[in-house]
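Visitor: I'd like a close look at one part of this protein, a helix and whatever it packs against. Could you walk me through it?

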Amino acid sequence: MSQPTIESILNENRLFAPPTELAEQAHIKNLEEYRQLQARATTDPEGFWGELAARELEWFEPWTQVLDWQPPFAKWFVDGKLNITHNCLDRHLSTWRRNKAALIWEGEPGDSRTLTYAQLHREVCQMANVLKQLGVQKGDRVGIYMPMIPEAAIALLACARIGAPHTVVFGGFSAEALQNRLVDAKAKLVIAADGGFRKDKTVPLKVAVDRALADNGAPTVEHVLVVKRTGEAVEMVEGRDYWWHDLQAGASGTCPAEPMDSEDMLFILYTSGTTGKPKGVVHTTGGYNLYSHVTLKWAFDLKDTDVYWCTADVGWITGHSYIVYGPLSNGATTLMYEGAPRPSNPGCLWDVVEKYGVSIFYTAPTAIRALSKLGDRYPNARDLSSLRILGTVGEPINPEAWMWYRRVIGGDRCPIVDTWWQTETGGFMISPLPGATPTKPGSATFPFPGIQADVVDMEGNPVTGNEGGYLVVKHPWPGMMRTVYGNPERFRRTYWEHIPPKDGQYLYFAGDGAHKDEDGYFWIMGRVDDVINVAGHRLGTMEVESALVSHPAVAEAAVVGRNDEIKGEDIFAFVILETDRDPSDALAAELKQHVVREIGAIARPGGIRFTDVLPKTRSGKIVRRVLRSLASGEEVAGDTSTLEDRSVLEKLRAGE
Ligand code: WTA
């Protein structure tokens with residue numbers, strides 16, 4: 001757990017009430033209303049979620065049972081039939097929203113596009129027809145490896161349209177990482193682009209796809225559909241690769257939405273865990289549609305008049321739930337931006353806010369900390385008065401960054417919505433409701449209506465006061481992951497048996513530490529497992545260690561997170577070399593580059609220390625706590641008696 005965060009939040013007692021005018025017009029108007037919803041959801045969860053599902057979504061056929069809970073496996077809206085793209089597109093076409101902007105897109109070089117609901121529907125249908133033409137059928141998995149362009153959203157929706165589960169691989173992941181995921185998902189087709197623009201450079205995505213597929217590297221993949229973005233020369237393999245614009249030209253703009261069972265798989269999204277390879281988190285159709293829809297509507301008080309902008313990448317769960325599915329299901333205008341703040345344009349985000357009159361802005365603490373470092377002059381140079389609500393996600397936000405966000409970006413008038421959730425949860429779990437919840441800087445406040453969260457000890461007993469514990473969820477919710485793709489036992493073990501079930505009650509173990517203050521506010525303290533959160537991106541220490549030891553010079557590696565002022569955490573690696581290799585700066589640089597090749601740039605270690613020894617327990621387990629302290633330059637506190645050889649500590653200290 002990250003100690004400094006805990007200490008700083010303990011001193012935090014500022015309270016910010018919801019703005020009166022916003023509250024009066026909000027979907028949820030006050031704490032009393034929140035409490036009533038929560039009470040209702042606790043005493044009658046099925047009634048609560050059933051009513052919402054009937055009111056907020058259109059179904060082709062009704063369900064016969066709201067929840068079938070056979071711990072840890074849940075089915076929501078049993079036998080119900082729907083298609084999420086019908087809720088995201090078709091149902092708006094018969095209303096005035098037909099010609100409303102569904103997707104506003106701004107490219108990094110300054111090009112832009114706006115697609116109305118009618119236009120987006122047409123292009124989604126076209127791509128759906130092209131996928132069918134290339135042999136994709138209901139149930140087949142499709143890999144997506146794209147930059148932040150409209151076709152990324154179109155690709156997700158086209159898959160969902162025909163019932164082909166998508167698995168999006170973040171465009172920053174390497175060819176190796178892409179290959180692993182395509183193999184695990186047994187993908188039949190990949191939708192990619194020639195490349196994308198990123199911080200004034202191009203990212204050659206098609207080259208990575210070629211590398212992933214080379215030498216029959218992902219044998220199930222039959223075709224690659226390539227969107228032209230950068231225009232750079234790419235190799236097109238005859239009979240395997242097709243340009244999207246070629247096939248789009250002949251594709252019909254009508255494609256019926258496949259009736260899906262509520263529990264049919266909608267997508268797989270890989271995420272890092274404590275051990276082994278990334279897990280394929282499985283989400284299904286009905287529950288996910290409802291949960292991403294209603295969480296966004298209430299937590300961001302989403303209205304038809306809003307221009308809503310989430311700066312995440314479509315490759316992460318935040319992009320899935322809150323750039324594509326949640327906003328479109330609500331009939332909102334969602335903005336997508338290819339660029340990012342960069343030396344040539346540090347104020348680009350505020351340009352976009354002003355240009356489109358963005359009213360809801362949702363980003364990560366890392367971005368906020370980096371932006372605040374640049375000072376107030378960039379935001380102050382733009383008209384940000386259109387903003388009414390600000391959001392944050394991905395890591396704990398320190399009160400200083402929170403206050404800067406509120407004051408400089410929000411003009412002291414916009415509520416800050418700090419949303420705690422995970423790939424596994426599908427949508428927000430702990431979050432303020434901007435018209436109802438008084439906020440405290442650094443706290444995600446209260447569980448979302450319908451969510452029963454708590455902080456417990458290892459035996460599942462509630463922990464109160466300022467004492468920390470493990471964050472758990474005590475009742476299933478519609479947006480929860482259903483399983484680990486191809487590995488239900490891993491799902492059971494990782495999430496539901498980590499804290500042993502008591503009296504038949506199963507507790508979902510989130511992997512985060514938290515504490516609840518005397519007012520019932522939740523304070524998230526960060527991961528308690530071997531997951532590192534670098535700039536809001538999850539990476540398993542094991543993944544990075546495996547990447548390092550796959551280099552011939554490395555005998556053993558131990559990877560930990562070290563505190564970083566901007567990124568929250570940074571990767572630090574302790575490396576033991578093979579006996580015939582000598583440490584050098586050049587070798588350290590080579591190892592960093594090796595990790596980038598194996599996983600992607602987000603996993604590049606910030607520091608490498610060569611060593612001859614690692615602190616281990618008698619059973620041979622690396623004691624990461626000790627390494628974390630050493631990496632962050634802190635005193636090694638706590639019990640070191642479990643170390644097999646305590647002189648190791650002295651050696652590591654001496655190596656500083
Ligand atoms: C962390 C991202 C503190 C947490 C949606 C969680 C947060 C992990 C917050 C999930 C927050 C996310 N405050 N920590 N508001 N939001 N986290 O799967 O450690 O990429 O377990 O999902 O991010 O990361 P994931």
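Guide: Start with the residues of H16 that are buried: Pro-399, Ala-401, Trp-402, Trp-404, Tyr-405, Arg-406, Val-408 and Ile-409. Keep in mind that this is a predicted model. That list covers eight of the 11 residues in H16, so call the helix mostly covered, with buried taken as under 20% relative accessible area. Just past the helix you'll find Gly-411, which has a positive phi, near 55°.

Now for what lies against the helix. There's an open sheet of seven strands, and if you trace across it the order reads S5-S4-S17-S16-S18-S19-S20, with mixed pairing. At the edges sit strand S5 (112–116) and strand S20 (416–419), each of them paired on one side only. On average, neighbouring strands in this sheet are turned by 20° against each other, ignoring direction. Helix H16, spanning residues 399–409, packs on this sheet and touches strand S18 (360–363), strand S19 (389–393) and S20. Compare directions and you get about 155° between H16 and S19.

Elsewhere in the sheet, have a look at strand S16 (residues 307–310) and strand S17 (residues 333–337), which pair in the parallel sense over three bridges. If you want a residue to click on there, pick Tyr-308: its bridge partner in S17 is Thr-334. In general, strands of a sheet pair through backbone hydrogen bonds, either parallel or antiparallel. So, back at your helix: H16 has eight buried residues, and the strands it touches are S18, S19 and the edge strand S20.

Methods: Residues numbered from 1 in each chain as written. Predicted model: local features only at pLDDT ≥ 70, side-chain atom pairs only at ≥ 80, totals over all residues. Heavy atoms only, no water. Pairing = 2+ DSSP bridges. Helix = DSSP H or I, 4+ residues; strand = E, 2+ residues; numbered from the N terminus. Axes fitted to C-alpha atoms, helices over the stretch in contact; angles between N-to-C directions. Contact = heavy atoms within 4.5 Å. Buried < 20%, exposed > 50% of the residue type's maximum accessible area, 1.4 Å probe, protein only.
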